Each structure stands twice: as C-alpha cells, then as structure tokens.
Amino acid sequence: MLTRRQFLKVGVASGVVLAGAGWLATRRGRAPAPGFQWLDERSARIVTALVPAVLEGALPAAQPARGDAVREAVAAFDRAVSGLSPPVQEEIAQLFALLGLAAGRFIVAGVRSEWAEATGEEVTAFLARWRSSRFGLLRAGYQALTQLIIASWYGNPASWERIGYPGPPTLEPPPS
Amino acid sequence: MIADPLRDGIAAGWKVIDAAALDRDLALEADVVIAGSGAGGGVTAEILAQAGLSVVIVEEGPLRSSSDFRMREREAYPQLYQESAGRQTADKAITILQGRSVGGSTTVNWTSSFRTPPTTLAHWRHDFGLALAGEPDLAPWFERMEERLSIAPWPVAPNENNDILRRGCEKLGFPAAAIRRNVKGCWNLGYCGMGCPTNAKQSMLVTTIPGALAKGATLLHRARVERLVASGDRIVSAQARGVAASGAQPGPYRIRLAARHYVLSAGAIGSPAVLLRSELPDPHELVGKRTFLHPTVVSAAVMPWEVKGFEGAPQSIYSDHFLDSVPVDGPVGYKLEAPPLHPILAGITLPGYGTRHAAWMKEFANLQVVIALLRDGFHPGSPGGRVILRADGTPALDYPLGDFLREGMRRAYLTMAEIQFAAGAKTVMPLHEDGGPAASWAEAKSAIAALPMAALHPRIVSAHVMGGCAMGPDARRAVVDERGRHHHLANLSVHDGSLFPTSIGANPQLSIYAFAARMAAGLARELAPAPGRAG
C-alpha cells in the first residue's frame, strides 16, 4: 500500500486514484484469465495494448508473425510475473488495478480510450508521460511495464535474428 | 557427454532433501546448521564437514546443476536468481543481480576473482578497528581458497567487448589488467551468468558443496530459514519452511533444525532479514544498516565492427585507475569492468522503448558495454542502505542515492564515454532514461553534464550486496566480532558478504571465501571432536 509520503508525492488527484486502486486490488482478489497463470482479463488487455507500443520496430511487421509475437510476449509476461515473489506480484497487481480503473487510466495514465481500443499514439503518449514524470512512483511503473515486456520479447528466439544474436552455442567440445 | 557431479553424487547416496517435495513436517539435528549455500555457506560447510562435524546446509533456492544449464536467459533467470534477476531496491531505482539456487551467487557470477584491495583493508583497520585485516593475516586464507577454487590468471585473450575496454584505457593512459578467474578447463563460451554448463567454473555448486556432501553433510534445498529461536544467550533452534514448487510461495510444512552452532550465510539481504525476523538482541540497532551495493552505471557504444559481447569469458579486463588515483575517503571512486551481453539483460538495461530502443537492439552484435562500480561506504556521504522487513517478513532494501554518489555516477559516465571513443566507438550512450547517443567525445561531455541523476533516471544495477552485519571488535559498531561470532549470542555466526563494514571496491567472491574460510577453521577448532584439527 502507499505510504503517506508517496501519497503526497504523487499529488492529490492521482493519489486518490492510486490509493483506491490499491484497495481494490487487495479487496477483490484476482483470478487468472483462461490460459494464464497470473494475468486476469483486465491486466491481459492492458499488456496486449502495451506490447505493440513498447516493441514498435522490434516486432515483425507482417501478420501472422506479428500477432503470434504479441501473443507470445503477453504469455511470457504472464510467466515472468508468476515467478516473482508474492510482495512483488502484489505491487504489480496494484499497478494494473490502477491502470484498469477508468479514473486511473484517464487521470493518472492520460489514456482516454478503453485499453482494448487505445491507439498506438495514446499508448506511446502514456509511456512518455510516465517515463519523464516528476513522481518516482510513476517512473517506476513505466520501467516495470517496459522492462517486463522487453524481457518477454527478447527471451523469445523469434526476436534474435533481427538483432544478430545467433543464440546459445551447442556444447561441442572445443577443437584441440 | 558432460558429467554432472551433483546428479552423480545424489545417485551415490548424498543426503539431499528437496523441501518443496515434503509431505510432512521435518526435524533435523546437526552440530552446525548453515543458512545459505553461496560463497560463505559453501566454504563453511566444507571446512566443518572435513573437521568431522555434522552439518545441515539450508538453501532457499532450488538445486540446479550442469544438466539444467541450457544457456537460455528466460530459463536461467527465474531458476537461478532472486526475483528472476529483477530484485530491486525499495524505490526500484537499483536492480540487483543476486543468485538464488544451490551455490548462491557463485553459480551465476562472472568468475571475477580479486583479493580484498589493500586500501580497503587499511580503511577497515584504521576506521573500524579490525585487528585481523592485515594483508599478512589474510594471505594464507586467500592462498588456500585460490588453490581450492583454481583461481589463476586467465591465459586466453579477452573477448572483443573486454579488449575494447583494455585498448581504450591504454590509449588514455589508464592502467588496465586481466582479471583472475575461478575456472578449470573453461570453454570460453560466455554464459557464466546462466550457470556454467560445463562445470568449468569452480563455483560452490561444484566444489565445496560436493566436498561437504561427500563428508556426510545434508543439503536441504528449497527451504527458507524463517527465524532463529533464542533462549538466554543461545540459539536453541532454527525454524524453516519449504518453498512451494512454484518457487515463489511458502509451502505448508514446517522444518525444525536443532544444532550446537548456527551460521548465517544467507547473503547481505538474507542474513540481516533472518536476524530481524528473529528479534534477537541488537542494542545498537545495527542489523541491516550500512548495506552496500557497488552501485553500477553503464555506458553502451556502437562500434564500427562486430563485438559479439555474448561470446567468450564475460569479464576479463578491469581498470582500477579511478579507485587508485583518488583518496579512498574522498569523492567516490569506481572500478571499470565489462559485462556479458545477452538479449534480455541488454534489452532491459538499454533505456526507452519503441523504435528508439529497437534501433539500439538492432546494433546488438556491434554493442560494446562498460560498467563502473562505485566504491560506496567509505565516506559520510555514502552511508549505504538498510534492510527492512515487509509485512510478510520478506526483506526489502532501502538504498537512497545521495548527492555524493550522484556526482560519482556523472564522472563515471564521462570516463566510460571517453574510453569508448578512444577505442573507436561510432556513438556512445549513457544508459540513462534521458541519455541519447553522442557521436563524439565533446558531444557526450556536454550531454552527460546535463543529465538528471535523480532515482529512476539513470539505469543503476548492482551485482554485489555487502554489509548489514558488520564485523568488528566494538559491539557498538559491529554485529559480529572478527571471528564472525555474534556479539550477544554465544552460538551464532555470520559468514557471508554481510560481514564487510564498507563495500569492498572489487568483486566480492574471493573476499567472502577467505574471510569465511578463516572463520570456519576457527569454528572447527572449537567444535570439532578431534582437537587440533583445523579442517
């Protein structure tokens, strides 16, 4: 939960939304969506909206490869969070609770549309806003989301050819 | 086919218990219980077991060995690191790479082996009153561990990523040298950080832990020591719990460990956390304070040629010019090294997102990276961080970055850019949310001067957690004495990176090995059945 110091730091309007989101995250309990270990339906929609913006220029441009890559990144995001410790999972749940509330999405993230309908420009503007926010809490949220998504993509061998990474070597003994 | 000494040993009857697979509560007795199987716990376990003592080693992480090490980041990080290699300070400003499997961080470190620098030892003697931290006092223990772990000069040429650091330093007149490594028959693959698949790295996993198990020690893995129970000035038991098979949640079964002596080797976050949870005497409120990280800033360069930082021994060249040319208690000094480059680690450390991030990743094979490790803890402006307990009893590290370290980070960014341009870089970028690529040293200089250094602007990493249970003769300033013995409890020791009263100013593994070996030998003399046997 937010400390008073953090609350004052993020400003009153955002603070009200953040505190409400934290409260909601704890109160509601979370149920993973079908096919996921951790992401619920709402957070899966948010990650699906973020992935193309965070990985713009890195994902394959053409379908169906692009759709597969996005789905695989969302699935890897899910696996990654489910391997974290309970307190860290709880922090990420609070972040999604905030972004999933209409008020949070609108006031704190500055995204008008529902996540499923948000345009690439809207999502990119949200990332830029949090990235350079004067509030450390929002900068931390930006880094958590972008780093989890970037890790989810670059762990996938499908991402390696574009960056010139041959993948791990095979274990042939070195020539003597 | 590469032999897997752990699987072979278990097949031959070593006592290894997976606490995640328990179907009932468990009680074990031993002469000594050791919490943690990393650099401190591994060395301690072997020395005590060789002295004829019965030992139980408790490790929170899983047992993974060479057959499991497939050199894939997305498998290795969740299996072998705290928080899947994403452990962070409380404000999320520093990402901490810390091991979490049998062997601890030694299973995943990059093999760099340095004796504790003489300047650091002198500072500990003069400012912290350590009487046993003279170079001649420690030399035999360094020698002993260097021999045990095959620590020697690395005769192979550095990979290009490291050689660029060497050449850049040479051009500018900064002394640089080769790093000694704890390897035997190294294949020069470059995947030390994902568990050595050939068992060449002489980590605790393939040396002292097997050594202890062969002498009858018991290894209990996927079990977390929750608290030590004291009666008067003695610990009477340790309470532990299996970790659920998923690895993240505590399991249902309780484990009770009873011993004559208890050693905490759970690392500089884990050991203070056990002490804090146990609410043991701490009259001067020292436990978990003065925790140090070698906060590390990173600079990436695009070279006109292929670097392939993913191939070859990951860390083989260093420069101490910016440690040795400044007073130890003056403006913060830094050690220069190079890291391995793999897609996930590079991807999450490069700042930004979208097309800008993708453009840097496209240069992945030509990327050269230098890191600067700040020597924290030697100056009043660098008091370190503090281990605190969350509501569920798990630890968090609060580490505020003050102006003193921020100033050093800026100098370090400048140094690294200068070296990279001297070595022929096309562009250089400080890994910082507001950093952009500079095409010349002059351009980099003015851009770096303007960078904000507040938390969560610079990308800061740490692979070295130290302090929090400082050793020293004065109970008002230290948690344990120079034998590693708790100042207020008769049968409790700390043997790990949390012993150090400041950061080390060098990669810590060999310092931990040597101090732990001396402390363990002392303990063995005291506890062992046959007198005069020092292990």
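**Figure 1. Strand β18 of chain B, its two faces and its partners.** In this predicted model, B:Leu367, B:Val369, B:Ile371 and B:Leu373 point one way from β18(B). B:Gln368, B:Val370, B:Ala372 and B:Leu374 point the other way, and all are buried. Buried means that 20 or more other C-beta atoms lie within 10 Å of the residue's own; exposed means 12 or fewer, partly exposed is in between, and C-beta atoms are placed from the backbone. The strand covers residues 367-374, and 8 of its 8 residues are buried, so it is largely enclosed by the rest of the structure. Strands (E, at least two residues) and helices (H or I, at least four) are DSSP runs, numbered from the N terminus. β15 (residues 296-302) of chain B pairs with β18(B) in the antiparallel sense over 7 bridges. Two strands pair if DSSP finds at least two bridges between them. B:Val302 stands opposite B:Leu367. β17 (residues 334-337) of chain B also pairs with β18(B), antiparallel, over 4 bridges. There, B:Leu373 is the bridge partner of B:Lys335.

Residues are numbered from 1 along each chain as its sequence is written, while chains are lettered from A and ligands numbered from 1 in the order in which they are written. Local features need pLDDT of at least 70, side-chain atom pairs count only at pLDDT 80 or more, and totals for chains, interfaces and linings use all residues.

**Figure 2. The open sheet β6-β9-β7 of chain B.** Its 3 strands pair in the antiparallel sense. β6 (112-113) and β7 (151-152) stand at the edges, each with a single partner strand, so one side of each is left without a neighbour in the sheet. β7(B) is joined to β9 (residues 180-182) of chain B by 2 bridges. B:Ile151 has B:Asn182 in β9(B) as its bridge partner.

**Figure 3. Domain 1 of chain B against domain 2 of chain B.** Domain 1 spans 5-73 + 99-153 + 187-285 + 466-527, and domain 2 spans 160-182 + 291-462. The bounds come from an automatic or database domain assignment. The C-alpha centres of the two domains lie 29 Å apart. 32 residues of domain 1 are in contact with 32 residues of domain 2. Contact means C-beta atoms, placed from the backbone, within 7 Å. On the domain 1 side, β6, α4 (118-128), β7, α8 (267-278) and β23 (466-467) of chain B give two or more residues each. α8(B) gives the most, with 7 residues. By class, this side has 13 nonpolar, 16 polar and 3 charged residues. Ala, Val, Leu, Ile, Met, Phe, Trp, Tyr, Cys and Pro count as nonpolar, Asp, Glu, Lys and Arg as charged, and the others, Gly among them, as polar.

**Figure 4. Chain B where it touches chain A.** 37 residues of chain B are in contact with 35 residues of chain A. α3 (73-80), α10 (343-349) and α11 (354-362) of chain B each supply at least two residues of the chain B side. The largest share, 6 residues, comes from α11(B). This side divides into 20 nonpolar, 7 polar and 10 charged residues. B:Arg356 is in helix α11 of chain B. With 14 C-beta neighbours inside 10 Å, B:Arg356 counts as partly exposed. B:Arg356 and B:Glu160 are 196 residues apart in sequence and 25 Å apart in space, C-alpha to C-alpha.

**Figure 5. Helices α12 and α13 of chain B.** α12 (residues 403-422) and α13 (residues 441-449) pack at an angle of about 170°, with their axes 10 Å apart. Axes are lines fitted to C-alpha atoms, for helices over the stretch in contact, and angles run from 0 to 180 degrees between N-to-C directions. The two helices are therefore roughly antiparallel to each other. Angles over 145 degrees count as roughly antiparallel, under 35 as roughly parallel, 65 to 115 as roughly perpendicular and the rest as oblique. Residues of α12(B) in the contact include B:Arg410, B:Tyr413 and B:Phe421; those of α13(B) include B:Trp441 and B:Ile448. The contact has 7 nonpolar, no polar and 3 charged residues.

**Figure 6. Backbone details in loops of chain B.** Most residues other than glycine have a negative phi. B:Lys92 has phi near 70°, a positive value. B:Lys92 lies in the loop between β4 (87-88) and β5 (94-96) of chain B, and is partly exposed, with 18 other C-beta atoms within 10 Å. B:Arg222 has a positive phi of about 50°. B:Arg222 lies in the loop between β10 (218-221) and β11 (223-231) of chain B. With 25 C-beta neighbours inside 10 Å, B:Arg222 counts as buried.

How values were computed:
Two residues are in contact if their C-beta atoms, placed from the backbone, lie within 7 Å.
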